[in-house]
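Reader: I should like to learn how the features of a structural model are read. Would you take me through one example?

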Number of protein chains: 2
Amino acid sequence: MPETIRICVDAMGGDNAPAAPVQGAVDAVRLRNDIKIFLVGQEDVVSAELAKYEYPNDQIEVVNATEIIEMAEHPVNAIRKKKDSSMVVGMKMVRDKQADAFISAGSTGATLVGGQTIVGRIPGVKRPPLAPLLPTENGVSLLIDCGANVDARPGHLVTFAKMGSIYMKHIVGIENPRVAIVNIGTEEEKGNALVKETYPLLKECKDINFVGSIESREIPHGAADVIVCEAFTGNVILKLYEGLSQTLISVIKGGLMSTLKSKIGAALALPALKKTIKSFDASTYGGAPLLGLNGLVVKTHGNSKNTEIKNAIFQCVAFSENQINQKMKELLTADDGAEE
Amino acid sequence: MPETIRICVDAMGGDNAPAAPVQGAVDAVRLRNDIKIFLVGQEDVVSAELAKYEYPNDQIEVVNATEIIEMAEHPVNAIRKKKDSSMVVGMKMVRDKQADAFISAGSTGATLVGGQTIVGRIPGVKRPPLAPLLPTENGVSLLIDCGANVDARPGHLVTFAKMGSIYMKHIVGIENPRVAIVNIGTEEEKGNALVKETYPLLKECKDINFVGSIESREIPHGAADVIVCEAFTGNVILKLYEGLSQTLISVIKGGLMSTLKSKIGAALALPALKKTIKSFDASTYGGAPLLGLNGLVVKTHGNSKNTEIKNAIFQCVAFSENQINQKMKELLTADDGAEE
């Protein structure tokens with residue numbers, strides 16, 4: 001029998017807590033018997049929510065944490081002061097090897113700070129990047145980095161490229177993933193100072209399949225598997241991707257409902273359309289992992305529903321089963337070109 | 001009778017040249033008798049194309065230019081060496097006050113270089129920004145800058161904010177346009193070094209209506225009228241906006257055609273849907289002006305059709321009629337806080 005994978009879920013994080021994290025955990029343990037979920041949060045609240053469900057009782061355990069980190073709190077202060085918050089308690093369990101991963105739909109800033117300061121970084125990683133999967137025409141691409149550490153240096157981006165390649169190969173199953181750097185043109189001499197410095201380093205790097213620059217218009221076409229960029233740029237891409245998809249889908253729905261004839265057409269077309277729209281729904285792919293830590297931390301959307309939490313749990317399982325961290329450590333410490 | 005506005009159109013620029021620029025010019029003069037179009041390009045080719053149409057003959061004149069700047073050419077070299085290209089000849093007419101504006105669907109890089117080196121900048125502008133209109137849920141927003149001058153300094157962004165405000169007020173007709181800076185959060189302390197330095201300068205600036213930071217997800221909702229950013233970020237936003245809109249519309253069309261039932265629905269819904277999609281089509285809004293020059297230079301999409309050229313011509317007319325350059329000069333030279 002394989003080893004049980006242990007995952008902490010922040011039961012107090014996100015707009016739909018505790019309902020969504022609790023239901024997501026229940027959904028997950030109903031499907032797999034080789035996982036154990038720790039629901040971290042205010043014990044009475046979480047237990048009351050959990051009591052609504054039937055599930056294999058030995059697979060879910062409530063871990064008490066009395067405090068809650070709010071979305072508006074300053075991340076560094078929150079992590080430092082709220083020692084008994086669900087986030088700090090859960091991350092400490094990962095640090096102390098009582099759990100393999102931690103999932104939260106709560107404050108992104110606090111998740112990033114906690115990941116670095118509590119869980120800690122693996123050797124060779126100065127900046128753990130946040131790396132969500134973006135839906136594309138033909139599947140998904142990994143956008144790395146879109147976290148909070150802006151103004152990265154070229155060496156950081158090379159590390160992102162290596163970590164992203166491992167993730168896409170072993171989690172998404174893409175052999176020899178194509179790595180590209182976000183740029184404002186495809187010629188080698190194009191770009192800002194950071195891109196111009198990073199480009200030759202990526203080109204020289206033997207551990208990755210570097211295919212050159214990618215213009216943002218090519219991202220939705222799936223023109224690369226690992227999309228490397230500095231966090232400010234990545235954050236702009238991620239949020240525009242999500243915002244524009246939602247807006248266009250809502251505008252198109254509005255268009256479909258604008259005349260009687262189109263309403264009838266919409267009723268007929270809706271099932272097929274829903275399937276299409278679903279393929280562009282980021283929640284299908286779980287959450288964004290914070291890579292390069294001594295353990296895994298996954299950030300899901302603030303408005304995550306149970307499905308996204310469940311998918312994030314399975315993402316953590318795949319990460320653990322495939323020993324991604326071990327593979328990253330080996331790759332990052334093997335070569336002398338370690339990040340400065 | 002009002003003064004005639006004179007506009008040069010690059011008849012050799014873009015994927016659909018000379019057909020699209022020629023037809024766009026014809027479309028425009030058929031609608032307005034107070035404009036004169038100079039079609040700049042290889043005289044025999046342009047005249048042959050023009051001969052296909054009936055139009056008020058005194059309103060269109062062919063100006064011979066024997067060379068063509070190709071998309072793949074190095075912009076600086078191309079502008080320097082091809083003295084008899086449609087782009088150089090047309091821009092010189094603007095410089096020499098023989099024309100008020102120049103429109104091209106050709107190389108963006110060459111348009112930017114030519115605009116700065118041939119047409120020249122107005123006092124107080126170090127970096128003429130490229131400022132396209134983005135379609136949003138409730139209209140349009142001006143994205144400024146998405147040109148080629150990356151790694152801008154804070155002072156440049158303040159100038160962009162002022163120029164963009166004048167444009168949106170007098171061309172789009174928005175009183176007291178809301179100015180926002182692209183950021184990765186809405187709190188004042190968020191951002192990269194450039195944004196953190198620029199934020200207080202925009203806040204202090206009395207000539208604009210600064211509303212703070214904007215996250216990229218809010219752009220499609222029309223959360224600001226003037227969206228200020230550094231060119232690398234702007235280029236990423238513009239190209240992702242265009243690429244993702246096209247991809248989603250094509251994916252949704254594919255979804256509509258995927259089953260027999262949905263096909264019937266699609267047939268009924270299509271007229272209403274087309275209208276909706278049209279509202280998110282950038283070509284409706286003409287081209288992207290390069291602001292802050294001694295005259296106006298407008299870049300339209302490489303694949304511009306006659307409609308986009310015609311709309312760009314009317315955009316130039318509005319720019320000229322509203323004396324935008326005069327207003328910009330006054331604002332930029334009036335205050336002591338001129339760009340460093």
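**Sheets, contacts and backbone**

Author: Let us begin with a single pair of residues: Cys8(B) has Phe102(B), a residue of β4(B), as its bridge partner. Please bear in mind throughout that this is a predicted model.

Reader: How many bridges join β1 of chain B to β4 of chain B, and in what direction do the two strands run?

Author: Strand β1(B), residues 5-10, is joined to strand β4(B), residues 101-104, by three bridges, and the two run parallel. Helix α10(B), residues 306-321, packs on the sheet and touches β1, β2, β4, β10 and β11 (296-299) of chain B. The direction of α10(B) makes about 145° with that of β1(B).

Reader: In what order do the strands of this open sheet of chain B stand?

Author: The order is β3-β2-β1-β4-β11-β10 in chain B, six strands with mixed pairing. The edges are β3(B), residues 60-64, and β10(B), residues 288-290, each of which pairs on one side only. From one strand to the next, the twist averages 25°. A further helix, α2(B) with residues 43-50, lies across β2 (35-41) and β3 of chain B, and runs at about 160° to β3(B).

Reader: Which strands form the open sheet of five strands in chain A?

Author: They are β5-β6-β9-β7-β8 of chain A, in that order, and the pairing is mixed. Here β5(A), residues 133-136, and β8(A), residues 209-214, are the edge strands, pairing on one side only. The twist from one strand to the next averages 30°.

Reader: Which residue stands opposite Leu143(A)?

Author: Leu143(A) faces Ile227(A) of β9(A). Three bridges join β6(A), residues 139-144, to β9(A), residues 226-228, and these strands run parallel. Helix α6(A), residues 154-172, packs on this sheet, where it touches β5, β6, β7 (178-182) and β9 of chain A. Between the directions of α6(A) and β6(A) the angle is about 155°.

Reader: May we turn to the interface? What is the area buried between chain A and chain B?

Author: The size of an interface is often given as the accessible area lost when the parts come together. In this model the area buried between chain A and chain B is about 4,600 Å², and carbon and sulfur atoms give 75% of it. On the side of chain A, Ile184(A), Phe232(A) and Leu240(A) lose the most area to chain B, together 15% of what that side buries. Chain A brings 51 residues to the contact, and chain B brings 51 residues.

Reader: How many salt bridges does the rule find across the interface of chain A and chain B?

Author: Four salt bridges are found there. One pair is Glu242(A) with Arg217(B), whose closest N and O atoms are 3.2 Å apart. The count of residue pairs in polar contact between the two chains is 12, both residues being at pLDDT 80 or more.

Reader: Which elements give two or more residues to the side of chain A that touches chain B?

Author: Those elements are α7 (193-204), α8 (231-256) and α9 (260-279) of chain A. The largest share, 20 residues, comes from α8(A). By class, this side of chain A has 25 nonpolar, 18 polar and eight charged residues.

Reader: How many salt bridges does a search of the whole structure find over all chains?

Author: The search finds 22 over all chains. Within chain A, Arg6(A) forms a salt bridge with Asp100(A), the closest N and O atoms lying 3.2 Å apart. This pair links distant parts of the chain, as Arg6(A) is in strand β1(A), residues 5-10, while Asp100(A) is in the loop between α4 (86-95) and β4 (101-104) of chain A, 94 residues apart.

Reader: Finally, how should one read the backbone angles?

Author: Most residues other than glycine have a negative phi, and most peptide bonds are trans. In this model the peptide bond from Ala17(A) to Pro18(A) is cis, with omega near 0°, and Pro18(A) lies in the loop between β1 and α1 (19-31) of chain A. The bond from Ile144(A) to Asp145(A) is also cis, with omega near 25°. Asp145(A) belongs to the loop between β6 and α6 of chain A.

Reader: Where is Asp151(A) found?

Author: Asp151(A) is in the loop between β6 and α6 of chain A. The phi of Asp151(A) is near 55°, a positive value in a residue other than glycine.

Note on methods
Residues are numbered from 1 along each chain as its sequence is written. Chains are lettered from A and ligands numbered from 1 in the order in which they are written. This is a predicted model: local features need pLDDT of at least 70, side-chain atom pairs count only at pLDDT 80 or more; totals for chains, interfaces and linings use all residues. Side-chain values use heavy atoms; hydrogens and water are left out. Contact means heavy atoms within 4.5 Å. Buried area is the accessible area (1.4 Å probe) that two parts lose on being put together, summed over both. A salt bridge is a side-chain nitrogen of Lys or Arg within 4 Å of a carboxyl oxygen of Asp or Glu. A polar contact is a pair of N or O atoms within 3.5 Å; within protein, one must be able to donate a hydrogen and the other to accept it, and residues adjacent in sequence count only if both atoms are side-chain atoms. Helices (H or I, at least four residues) and strands (E, at least two) are DSSP runs, numbered from the N terminus. Ala, Val, Leu, Ile, Met, Phe, Trp, Tyr, Cys and Pro count as nonpolar, Asp, Glu, Lys and Arg as charged, and the others, Gly among them, as polar. Two strands pair if DSSP finds at least two bridges between them. Axes are lines fitted to C-alpha atoms, for helices over the stretch in contact, and angles run from 0 to 180 degrees between N-to-C directions.
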